[in-house]
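Subject: Structure handover

Hello,

Here is the structure for you to look over. My notes follow below it.

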Amino acid sequence: MKWVADNYDNPSWHQQMCKQKHLFSFLKDGEIVGGVLLWVSKENVYIGRIFIDPKFFRKGYGIKLMKAIELLYPRKEYVLDTPCWNIRTKNFYIKSGYKIVEEKKKIFKAENEIQKKIVETSILFSQFLRGN
């Protein structure tokens with residue numbers, strides 16, 4: 001199992017992921033609709049992040065992207081995680097046939113008296129696909 005670094009908002013990290021062939025774009029008529037971060041191993045495909053441009057929300061592109069990943073990598077297991085506070089993505093993955101297999105918490109300690117402790121919980125999903 002590989003847990004992705006917390007550098008999603010760092011452009012240089014994205015460039016590195018692109019060079020390492022983990023970051024893929026999802027295009028429609030030459031326009032970027034969204035993308036995905038993938039780590040592929042012999043055992044599974046870990047989906048580090050799937051994202052759709054907000055102007056393409058609620059048009060079925062997320063489902064199409066998930067299906068494209070599953071067709072591109074016909075493996076037995078697909079694994080991903082999402083913050084549990086993000087109800088929209090949680091429902092999306094459940095609708096896509098993924099099952100919750102674990103909940104995980106990270107605790108960030110305060111650096112000064114003004115900051116409070118932040119607890120972030122993520123939900124790990126998995127889907128086992130049968131061969132065609």
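Two strands pair here if DSSP finds at least two bridges between them. Strands themselves are DSSP runs of E, at least two residues long, numbered from the N terminus. Please keep in mind that this is a predicted model.

First hairpin

Strand 1 covers residues 23-28, and strand 2 covers residues 31-40. They run antiparallel and are joined by six bridges. Two of the partners can be named. Phe26 has Gly34 of strand 2 as its bridge partner. Ser25 is bridged to Gly35, also in strand 2. This hairpin has two residues between its strands.

Second hairpin

Strand 2 also pairs with strand 3, again in the antiparallel sense, over seven bridges. Strand 3 runs 45-52. Four residues lie between strand 2 and strand 3 in this hairpin. Trp39 stands opposite Tyr46 of strand 3.

How enclosed is strand 2 by the rest of the structure? Largely: seven of its 10 residues are buried. The cut-off matters for that reading, because buried means under 20% relative accessible area.

Positive phi

Most residues other than glycine have a negative phi. Two residues are worth a look on that score.

Asp29 is one of them. Its phi is positive, at about 55°, although Asp29 is not a glycine. Asp29 sits in the loop between strand 1 and strand 2, so the positive phi falls within that hairpin. Is Asp29 buried or exposed? Asp29 is exposed, with a relative accessible area of 75%. That is a clear call, because exposed means over 50%.

Arg58 is the other. Phi of Arg58 is near 60°, again positive in a residue other than glycine. Where is Arg58 placed? Arg58 lies in the loop between strand 3 and helix 2, the latter spanning 61-72. Arg58 also counts as exposed, at 83% relative accessibility.

In short

Strand 2 pairs with strand 1 over six bridges and with strand 3 over seven. Strand 2 is largely enclosed by the rest of the structure. Asp29 and Arg58 each have a positive phi. Both loops are easy to find from the residue numbers above.

Best wishes

Note on methods:
Residues are numbered from 1 along each chain as its sequence is written. This is a predicted model: local features need pLDDT of at least 70, side-chain atom pairs count only at pLDDT 80 or more; totals for chains, interfaces and linings use all residues. Side-chain values use heavy atoms; hydrogens and water are left out. Buried means under 20% relative accessible area, exposed over 50%, partly exposed in between (1.4 Å probe, protein chains only).
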